[in-house]
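This report covers the internal and open spaces of one model and the residues around them. The pockets come before the cavity and the ligand.

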Amino acid sequence: MLQLPILEVKDLAVSFGRGAWPAVLGLDFSLAKGEVVGLVGESGSGKSITAYSLMGLLPFGANLDAGSIVFMGQDLAKLPPEERRQLCGTRMGLIFQEPLTALNPVFSIGEQVAEIFRYRLGLSRAEAKSRAIDLLGHVGLPNPGAAYHNYPHRFSGGMRQRVVIAMALALNPDLVIADEPTTALDPTIEAQIIGLIKKLAAERGSAVLFITHNLRLLIGLTNRILVMYHGLVVEELTDFRDLRHPYSQGLWRALPPEPGKRSDRHLEPIPGYSPTPGEKFRGCAFAPRCSQALEVCHILAPPFQTLAPQRRVRCHLSC
Ligand code: SF4
């Protein structure tokens, strides 16, 4: 049974400066309670800008030009900054890409986790410390009582990411946005971190928007995948074996073999380069790199066709 969405994004457009090609254009998707949705694409496709616009953390110079972000019935774009900050720190959690820069080097990791309980819930120092130690243990830090007093530089990348996950999930948010949370980790730790996010989100009933450039990471993790290219969602699907857009197929073929598994398949990079943000195109933005491009692709932008519920493709070949 489909649940009511907790997040509904409609026609979202974000740009850097007037007249520039939007970094995100016409973004339209929803997330239900407990659902895990993957957002995949190359660097510069608009994935992280999407995450930052949801959290109200757009960088200087970026403008939310159009659209609405309705979270738990409230349009975030219309909320006063203070109310939005409150909501984002409690009902929405963000797991950052690089845990070393997400953590403050001059405070122990325990203090940084306890601070959330003190600031957001008004707990006493002793209560906040006790909750922080419990949480550090829950995300898999060995000897959490001792770990509480250690500083970020004393931990490996994987352990630091566990601390960042603890901070994002501390208040049982309804929505967790994980922005390439395993980019700096080796494959074994990567698998552990993905398993941890999945387990904790399921325990807490949080919806997750998982952002990555690696399509394979989403297998078994997500219920639904959105593929982004040059600020547009070009494909939405629930079964990764049914990739139809030439860009999605290219992302899949460009993946190296699975770690530890033999494969005779050759790695096939997508030819050309992904467009720079702001670059303008006539027709389909992927046409200069697409081996299946038709004449019409260079003239007319393809519509976003709905093939079935939660199944959309933006390609002339699917019209
Ligand atoms: Fe390729 Fe044309 Fe489809 Fe664009 S619309 S992905 S150029 S076939």
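The second largest pocket holds about 600 Å³ of space. Its lining is made up of 27 residues, and those closest to its centre are Glu 190, Asn 214, Arg 216, Leu 217 and Leu 255. The element that gives the most to this lining is helix α8 (residues 187-204), with 4 residues. By class, the lining of the second largest pocket has 14 nonpolar, 6 polar and 7 charged residues. The model is predicted, and totals for linings use all residues.

The largest pocket has a volume of about 970 Å³. Two or more residues of its lining come from each of α2 (81-90), β6 (92-95), α4 (109-121), α5 (125-138) and α7 (157-169). Among these, α4 gives the most to the lining of the largest pocket, with 8 residues. In total 34 residues line the largest pocket, and Gly 89, Gln 112, Ile 116, Arg 120 and Met 167 lie nearest its centre. The lining of the largest pocket divides into 20 nonpolar, 6 polar and 8 charged residues.

Apart from pockets, the whole structure was searched for cavities of 30 Å³ or more, and 1 was found. The volume of the largest cavity is about 90 Å³. Its lining consists of 14 residues, with Cys 284, Cys 290, Cys 297, Cys 315 and His 316 nearest the centre.

The classes of the three linings are set out below.

| Lining | Nonpolar | Polar | Charged |
|---|---|---|---|
| Largest pocket | 20 residues | 6 residues | 8 residues |
| Second largest pocket | 14 residues | 6 residues | 7 residues |
| Largest cavity | 10 residues | 3 residues | 1 residue |

Where does the ligand sit? The ligand is placed in the largest cavity. There are 13 residues around the ligand, and the closest are Cys 284, Cys 290, Cys 297, Cys 315 and His 316. This shell comprises 10 nonpolar and 3 polar residues, with no charged residues. The lining of the largest cavity, by contrast, includes 1 charged residue.

Two of the cysteines named here can be described further. Cys 284 has a relative accessible area of 15%, under the 20% cut-off, and therefore counts as buried. Cys 297 has a relative accessible area of 8% and is likewise buried because this value is under 20%. How many disulfides does a search of the whole structure find? The search finds 0 disulfides.

Notes:
Residues are numbered from 1 along each chain as its sequence is written. This is a predicted model: local features need pLDDT of at least 70, side-chain atom pairs count only at pLDDT 80 or more; totals for chains, interfaces and linings use all residues. Side-chain values use heavy atoms; hydrogens and water are left out. A residue is near a molecule or strand if one of its heavy atoms lies within 4 Å of it. On a 1 Å grid over the protein atoms alone, a cavity is a set of points where a 1.4 Å probe fits but cannot get out, and a pocket is an open set with protein on both sides within 12 Å along at least five of seven lines; lining residues have an atom within 4 Å of a point. A molecule sits in a cavity or pocket if more than half of its atoms lie within 2 Å of its grid points. Ala, Val, Leu, Ile, Met, Phe, Trp, Tyr, Cys and Pro count as nonpolar, Asp, Glu, Lys and Arg as charged, and the others, Gly among them, as polar. Grid points are joined across faces, edges and corners, and a volume is the space filled by probe spheres set on the points. A disulfide is a pair of cysteine sulfur atoms within 2.5 Å. Buried means under 20% relative accessible area, exposed over 50%, partly exposed in between (1.4 Å probe, protein chains only).
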